[in-house]
Amino acid sequence: MPATLFSLFSQTGISHKLIQVAENVAAGKRVTPEEGILLYREGSLPFLAVLADHVRHRINGKKVYFNRNIHLEPTNICVNHCAFCSYRRKKGEEGCWELGISELVELAEKHSRSGITEIHVVGGVHPDRDVHFYAELLREIKRILPDVQIKAFTAVEIDAMCNFASMGIREGLMLLKEAGLVSMPGGGAEIFDETLRSKICPDKTGSEGWLNIHRIAHQLGIPTNSTMLYGLLEDYSQRIDHLTRLRSLQDETSGFNAFIPLKFRHYNNRFSHIEEQTTVEDLRNYAVSRIFLDNIPHLKAYWPMIGKQVAQLSLAFGVDDLDGTIDDTTKIYSMAGAEEQAPTATTAQLVEMIEGAGYIAVERDTLYREIRSA
Ligand code: V47
Ligand code: SF4
């Protein structure tokens, strides 16, 4: 770190240990788990902002990516019982839905008129829908919209749909890839710490299972995203444990495109009594994630979860991806109490958010190939 910045930090009463971490980061060295915990515990908002912005510049310059996308949520009927979920319903319960293939394709076609390049498919684990059903869905979408890229199914959904068809994960993923899957979203990771995981999502795919499904996807040439659910009972060392496991897998495969911190929203679920994290803590979390995950190229702020204003602010804390236009097609976060009850952003709005914060807006496709710079 240049001497001027070093002396600036020492004048603000920041500990010698933290300044040492800053020097290492400035020199391009990897942050250890112990240093990661220190950043979470002691790093002030402006200190973390400077370091995270430094790392984001090294990896992405001043570019901020977005895409034109919609979500398709085939069903919210789910065999699992995650205690933080506000979305899941039992079969026949009020508020449940299950859309058939033709209804889903009709929805996709309707939204395609706005020029989307990506469809993100994600939903509950429906007990009667296996990998053959979902492969057929992808084939039908591709038949009608051959140019649209499909990012679909969390590792948890893949695990269950293959299991229901008595098919191995590798075989199932190959079938889905053949049917049109180009990428997988990062959901279902929650928090890897096994003790906490067994409290918040006891019947979900385990941590090692989640990581292994992503490993197999990467080996098959299917890039994926990664997430961490935060603000729900975990401590900083459990967050760093989670990030360390992601970083190790990325060292092995290089298959993760993006990391998306998912803020626990507490409306209408079994953890409603837990206060949500503050905006300052959200921004600190983006920054530490950017500093720690030196090998995952993109850090995404998912604005339907966090709101457009905080998403714009997050750009100063290492974020370089604002997801997409969405067009009011997802219910996961509106049902959990997010500010965005009908999440929609125009391309112009996303560009304005990015340029307004002093960055360069770049429209991307699902695989982060640049479509156009504003
Ligand atoms: O796995 C559910 C989370 C995830 C709540 O890859 C909750 O581009 C907070 O993974 N509070 C699914 N989080 C969504 C997801 C995602 C979203 C956007 C983009 C991408 C991507 C992936 O939603 C679940 C779970 O971690 N979730 N309920 C809640 N109350
Ligand atoms: Fe089902 Fe996903 Fe909700 Fe868990 S978070 S209950 S897997 S829909």
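Trainee: What makes F47 in α4 count as buried?

Mentor: Buried stands for under 20% relative accessible area, and in this predicted model F47 falls in that class, along with L48, A49, L51, A52, V55, R56 and N60 of α4.

Trainee: How do you know that the reach of α4 is close to the one expected?

Mentor: The expected span is 1.5 Å times one less than the number of residues. Helix α4, residues 45-60, has 16 residues, with 22 Å expected, and its first and last C-alpha lie 21 Å apart, so the two values are close. After α4 comes G61, with a positive phi near 60 degrees.

Trainee: Why are β5 and β7 called edge strands?

Mentor: The open sheet runs in the order β5-β6-β7 with parallel pairing. Strands β5 (224-230) and β7 (298-299) each pair on one side only, and that makes them the edges.

Trainee: How do you know that β6 and β7 pair?

Mentor: Pairing takes at least two bridges. Strand β6, residues 256-263, shares 2 bridges with β7, so the pair qualifies, in the parallel sense. Opposite H298 in β7 stands A258. Helix α11 (residues 236-253) packs on this sheet, touching β5 and β6, and its direction makes about 170 degrees with that of β5.

Trainee: What makes up the shell around ligand 2?

Mentor: It divides into 5 nonpolar, 2 polar and 2 charged residues. Cys and Tyr count as nonpolar and Gly as polar. The residues around ligand 2 are C78, N80, C82, F84, C85, Y87, R88, G124 and K204.

Terms used:
Residues are numbered from 1 along each chain as its sequence is written. Chains are lettered from A and ligands numbered from 1 in the order in which they are written. This is a predicted model: local features need pLDDT of at least 70, side-chain atom pairs count only at pLDDT 80 or more; totals for chains, interfaces and linings use all residues. Side-chain values use heavy atoms; hydrogens and water are left out. Helices (H or I, at least four residues) and strands (E, at least two) are DSSP runs, numbered from the N terminus. Buried means under 20% relative accessible area, exposed over 50%, partly exposed in between (1.4 Å probe, protein chains only). Contact means heavy atoms within 4.5 Å. Axes are lines fitted to C-alpha atoms, for helices over the stretch in contact, and angles run from 0 to 180 degrees between N-to-C directions. A residue is near a molecule or strand if one of its heavy atoms lies within 4 Å of it.
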